[in-house]
Amino acid sequence: MLPTFRWTTFDVTRWLPGDWQPDIAAAAEGADYREFPRTPVLSRESTYVRRILRGRVHAAQVRQDLPWLYQSYRGHFLELARAVCPEAVMSARDERYGIVMNVQRGTTMRFECHVDSNPLTGILFCTDQVAGNGGELVFADDPDAADIDSVERDCTVIRPHAGHLIFFDGRRYPHYARPLLSESNTRIVAVMNFYTESCPESTRPPGLNRHLFGQD
Ligand SMILES: [Fe+2]
């Protein structure tokens, strides 16, 4: 069977400030590291998985600590998002989830297996992950995959390359970030939500903001 998931990659290094990686690493130092509860509706974790340890640099912190990244989300990166999508693309109006960062340190963190609610996601890889050392972004080719083992059985694997920005529609194919295999390793990505005319921001699932932020 042919693989079904597809994505687009841009090398955006030329658009990033010269010191972008240390700047990102410094912001990641202040990440919120804890066990995040599984996401309602969108989670594709086994039912016994209730919480997943990881780091999050929340949107307000990104805006404050990394103004160039916040501006790129509404500028250059939005232009690229519009180039890959046949319909009008918009960045999020709600500042709480437009652009955030996910951080993994050591071998105990990973990112939850889930599907997206937004029709177009951008991920800027901020660290390089060496082959065979974990941290890959993995997409199920089977939309019905309901846990990590099912995803891994038939999947498309993307290895993070610093400075590469990928765009994809993650609504159909469950995906997650593998744990790192070395205690000294770090994985940082910036995650951007984009919306379209046919799937606007108003379609965000009821209860998702309450789950993430304590209010709608
Ligand atoms: Fe996602």
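Here is a short walk through this structure, which is a predicted model.

Let's start at the metal. The iron ion is held by three residues: H114 and H175, each through NE2, and D116 through OD, at 2.0 to 2.2 Å. Read along the sequence, these donors follow the spacing H-x1-D-x58-H. Are H114 and D116 buried or exposed? H114 has a relative accessible area of 13%, so it is buried. D116 comes in at 10%, so it counts as buried too.

H114 also takes us into a sheet, as strand β6 covers 111-114. This sheet is an open one with four strands in the order β6-β11-β8-β9, paired antiparallel. Its edges are β6 and β9 (155-158); each has a single partner strand, so one side of each has no neighbour in the sheet. On average, neighbouring strands here are turned by 15° against each other, ignoring direction. Looking at β6 and its partner β11 (residues 175-177), you'll find two bridges joining the antiparallel pair. F111 sits opposite A177 in β11.

Now for the nonpolar interior. The largest nonpolar core has 36 residues, and I24, L69, M101, L124, M192 and F194 have the most contacts inside it. Elements giving it two or more residues include the helices α1 (20-29), α3 (67-73) and α4 (76-84), along with strands such as β5 (99-105) and β7 (120-125). The top contributor is β12, with five residues. To see how M192 fits in, skip its neighbours within four places in sequence: among its contacts are then Y73, F77, I99, L120, L124 and L165. There is also a second, separate core of 13 residues, including V100, I123, F139 and I158.

Finally, the charged pairs. The whole structure has nine salt bridges. One of them joins E29 to R105, with the closest N and O atoms 3.7 Å apart. E29 is in helix α1 and R105 in strand β5, so this pair ties together parts 76 residues apart in sequence. E29 is exposed, at 58% relative accessible area, while R105 is partly exposed at 25%.

Another bridge links E45 and R110, whose closest N and O atoms are 2.7 Å apart. Both residues lie in loops, E45 between β2 and β3 and R110 between β5 and β6, so parts 65 residues apart in sequence are tied together. E45 and R110 are both buried. R178 pairs with E136 at 3.4 Å between the closest N and O atoms, and E136 is buried, at 7% relative accessibility. Elsewhere, R63, R74 and E95 are joined into one network by salt bridges that share partners.

Conventions. Residues numbered from 1 in each chain as written. Predicted model: local features only at pLDDT ≥ 70, side-chain atom pairs only at ≥ 80, totals over all residues. Heavy atoms only, no water. Donors = N, O, S within 2.8 Å, 3.2 Å for Na, K, Ca; no water. Buried < 20%, exposed > 50% of the residue type's maximum accessible area, 1.4 Å probe, protein only. Core = buried A, V, L, I, M, F, W, Y, C linked by side-chain atoms within 4.5 Å. Contact = heavy atoms within 4.5 Å. Pairing = 2+ DSSP bridges. Axes fitted to C-alpha atoms, helices over the stretch in contact; angles between N-to-C directions. Salt bridge = Lys/Arg side-chain N within 4 Å of Asp/Glu carboxyl O.
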